[in-house]
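Biologist: I am new to this structure and would like a close look at one part of it, namely the aromatic side chains and the charged side chains around them. Please take me through that part slowly, and show how each step of the reasoning follows.

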Amino acid sequence: MRRASFTSSILSRTLSTVHDGGTVNLHPRLLRVALFSSSRTDNSNSRRHWFSPLLNSFSKSSGQAVSLGLVGVVASVATAASVYAKEPPPAEIIPKDVLLYQYEACPFCNKVKAFLDYYDIPYKVVEVNPISKKEIKWSDYKKVPILMVDGQQLVDSSAIIDQLSEKILPGKPIISVADEDEETKWRRWVDNHLVHVLSPNIYRNTSEALESFDYITSNGNFSFTEKITVKYAGAAAMYFVSKNLKKKYNITDERAALYEATETWVDALNGRNFLGGSKPNLADLAVFGVLRPIRYLRSGRDMVEHTRIGEWYSRMEKVVGESSRIKA
């Protein structure tokens, strides 16, 4: 009985389906959590210097020609790489102390991290225990992300990004009103539509829910008992939560809704490398941020296999690059 009572207590206390400042009202006996999992695969490329013997076989003049050719190749590669370069702001306007309170797999937290990573803003992370939330007991705001910037508390992912943009991009050019409207329109689309098709896909069935909770329980401040409870009870509960979300947002086929959303985004690109043109804008970073936690889950793999989003996503991975997170 004590074990059953403990589990019931955990389930009634624990995780809410966080939508960045909003909560879906669900039955209190359900675990109310909406975390997402991700695993990143770092690929390294090796190059064989096959051309050295070939150069030796040429005459001096031929060698010079080949050398010039190689210089041209290097220059072309450098030019291509610069297209996908990060955009770090001047050092004097970069915040000195940035601390992110997060759930590792939260899509809204990852949206903020995509912005920080792209602009090379160093930050530290505090992983919040989604059961006790003891790490943010000091704050009146009880959801994540919370970003502390030089002692100032910022909340709500889109508001955080807006305020950071004002700090580090004071001279950001506005090409046209239409372009600005397009960026704002698609940022709203991320918050009002795209994020709502993710949970029903991640927790579509028990095996996919367990896949997600395998990651959740390997991160954060969980006791052994909490890990067991969160993994199995959480996966079961989130299966039912996802059904509630399907009804709330009128989703009949989870995968079809995900594929439709991603195809809608690719259509919006209209043949451009990014919505921002040659470089990502805030809408690109928002879409990439919320999709990054699911990319290597089954739902994310299916998404890339069955839609056209793969090329854009790969470009975003390259341009956002390595995390600017400061390891503790």
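**A close look at the aromatic rings**

Modeller: A good place to begin is Trp138, which counts as partly exposed because its relative accessibility of 42% falls between the 20% under which a residue is buried and the 50% over which it is exposed. Please keep in mind throughout that this is a predicted model. Tyr101, by contrast, has a relative accessible area of 11% and is therefore buried, since the limit for that class is 20%.

These two residues belong together, for a search of the whole structure finds eleven aromatic pairs, and the rings of Tyr101 and Trp138 form a pair with their centres 5.4 Å apart and their planes at 55°. That angle is neither under 30 degrees, as stacking would require, nor over 60, as an edge-to-face arrangement would require, so the pair is called tilted. As for where the partners sit, Tyr101 lies in strand β1, which covers residues 98–102, while Trp138 lies in the loop between β2 (124–127) and β3 (146–149), so the pair ties together parts that are 37 residues apart in sequence.

A second pair, Trp189 with Trp265, is stacked, with 6.3 Å from centre to centre and 10° between the planes. This pair, too, links distant parts of the chain, because Trp189 belongs to helix α6 (residues 177–192) and Trp265 to helix α10 (residues 254–269), 76 residues apart. Both Trp189 and Trp265 are buried. The pair is also part of a wider group, as ring pairs link Trp186, Trp189, Trp265, Phe288, Trp312 and Tyr313 into a cluster.

Tyr313 leads from that cluster to the charged side chains, since the charged end of Arg295 sits over the ring of Tyr313, 5.9 Å from its centre. Elsewhere, Arg315 lies over the face of Phe274, at 6.0 Å from the ring centre.

Helix α6 also takes part in a contact between charges: Arg272 forms a salt bridge with Glu182, and their closest N and O atoms are 2.9 Å apart. Here Glu182 is in helix α6 and Arg272 in the loop between α10 and α11 (282–291), so that the bridge connects parts of the chain 90 residues apart. Arg272 itself counts as partly exposed, at 28% relative accessibility.

Altogether the count comes to 15 salt bridges. One of them joins Lys113 to Glu104, with 3.6 Å between the closest N and O atoms; at 6% relative accessibility Lys113 counts as buried, and Glu104 is buried as well, with a relative accessible area of 17%. Another joins Arg204 to Glu208, with the closest N and O atoms 2.9 Å apart. In that bridge Arg204 is partly exposed, with a relative accessible area of 26%, whereas Glu208, at 1% relative accessibility, counts as buried. The bridge does not stand alone, for salt bridges that share partners join Arg204, Glu208, Arg255 and Asp302 into one network.

For the setting of these details, the chain has 13 helices and four strands, and 46% of its 328 residues count as buried. Among the contacts with a separation of 6 or more, 73% are between residues 24 or more positions apart.

Notes. Residues numbered from 1 in each chain as written. Predicted model: local features only at pLDDT ≥ 70, side-chain atom pairs only at ≥ 80, totals over all residues. Heavy atoms only, no water. Phe/Tyr/Trp six-rings, centres within 6.5 Å; stacked < 30°, edge-to-face > 60°. Helix = DSSP H or I, 4+ residues; strand = E, 2+ residues; numbered from the N terminus. Buried < 20%, exposed > 50% of the residue type's maximum accessible area, 1.4 Å probe, protein only. Lys NZ or Arg CZ within 6 Å of the ring centre and 35° of its normal. Contact = heavy atoms within 4.5 Å. Salt bridge = Lys/Arg side-chain N within 4 Å of Asp/Glu carboxyl O.
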